[in-house]
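Visitor: I am new to this structure and would love a close look at a single part. Could you walk me through one helix and its surroundings?

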Amino acid sequence: MDDVRTAGHALRCRHFKRQTGDFYFGTSGEYSAGTDNEFDQGVIDGAYWLRRPGRNPDVILAYQGAVGPDVIEAAGRIGQDRRGIGVLAITSADRLNAGWTAAKRARQRGHKSAQAWIERVLTPIPHDCTIVTAIDGHPLTLGWLGAVSGHPTVPLGVEHIGQTGRVSDLYHHYGIDADGIVSAVHEITMGRPVRLVG
């Protein structure tokens with residue numbers, strides 16, 4: 001338990017810098033300064049909205065790591081043909097999953113109001129909205145996100161290792177480049193065809 005407290009204390013005391021200015025978390029876990037508490041909390045707890053979804057989104061793109069530029073490009077292209085698209089940036093799949101698991105465990109023990117950060121983020125999203133996850137790691141690293149609130153989920157990622165080549169070629173091979181993400185959304189969502197060319 002002391003290790004958990006020490007790790008949490010170190011995390012809360014870590015100093016961050018953003019374009020909007022300096023902010024940091026005090027030892028009490030309270031915000032000492034900052035401009036966007038939800039963003040700050042999301043970075044710490046594992047996810048934040050890079051692009052908030054509209055009121056009735058067709059698809060949410062959730063990503064972690066270096067695929068970010070491809071996801072952002074794909075979101076721009078998909079946004080022309082699908083309504084309310086959101087982009088969820090995952091800072092730590094481990095912290096997100098640990099928080100979700102802890103909240104479920106707390107509810108089982110009688111703490112009915114326990115809610116994980118990822119539940120707060122995904123619960124308002126309609127259940128027919130599809131989550132497409134992208135990571136330059138194993139697709140199941142983020143594939144569990146659909147289980148949080150019952151969303152259909154399409155996990156994209158690296159299923160086999162051993163290939164060599166340029167990053168762009170490998171991303172294309174695994175379908176985690178912008179074209180692959182757009183294609184996945186085109187195949188799994190209803191509505192007019194998604195324009196595959198940006």
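Guide: Here is a tour of helix 3 and the charged side chains around Arg77. This is a predicted model, in which local features need pLDDT of at least 70 and side-chain atom pairs count only at pLDDT 80 or more, while totals for chains, interfaces and linings use all residues. Residues are numbered from 1 along each chain as its sequence is written, and side-chain values use heavy atoms, leaving out hydrogens and water.

Helix 3 covers residues 68–78; helices (H or I, at least four residues) and strands (E, at least two) are DSSP runs, numbered from the N terminus. Its buried residues include Val71, Ala74 and Ile78, where buried means under 20% relative accessible area, exposed over 50%, and partly exposed in between (1.4 Å probe, protein chains only). Those buried residues pack against several elements, among them strand 5 (86–90) and helix 9 (178–188), with contact meaning heavy atoms within 4.5 Å.

Arg77 is also buried, at a relative accessible area of 6%. The Arg77 side chain forms a salt bridge with Glu73 (3.2 Å, N to O); the term means a side-chain nitrogen of Lys or Arg within 4 Å of a carboxyl oxygen of Asp or Glu. Both residues sit in helix 3, four residues apart, about one turn of the helix. Glu73 is partly exposed, at 42% relative accessibility.

Arg77 also meets Asp179 in a salt bridge (2.9 Å, N to O). This pair links distant parts of the chain, as Arg77 lies in helix 3 and Asp179 in helix 9, 102 residues apart. Asp179 is partly exposed, with a relative accessible area of 40%. Glu73, Arg77 and Asp179 are thus linked in a network of salt bridges.
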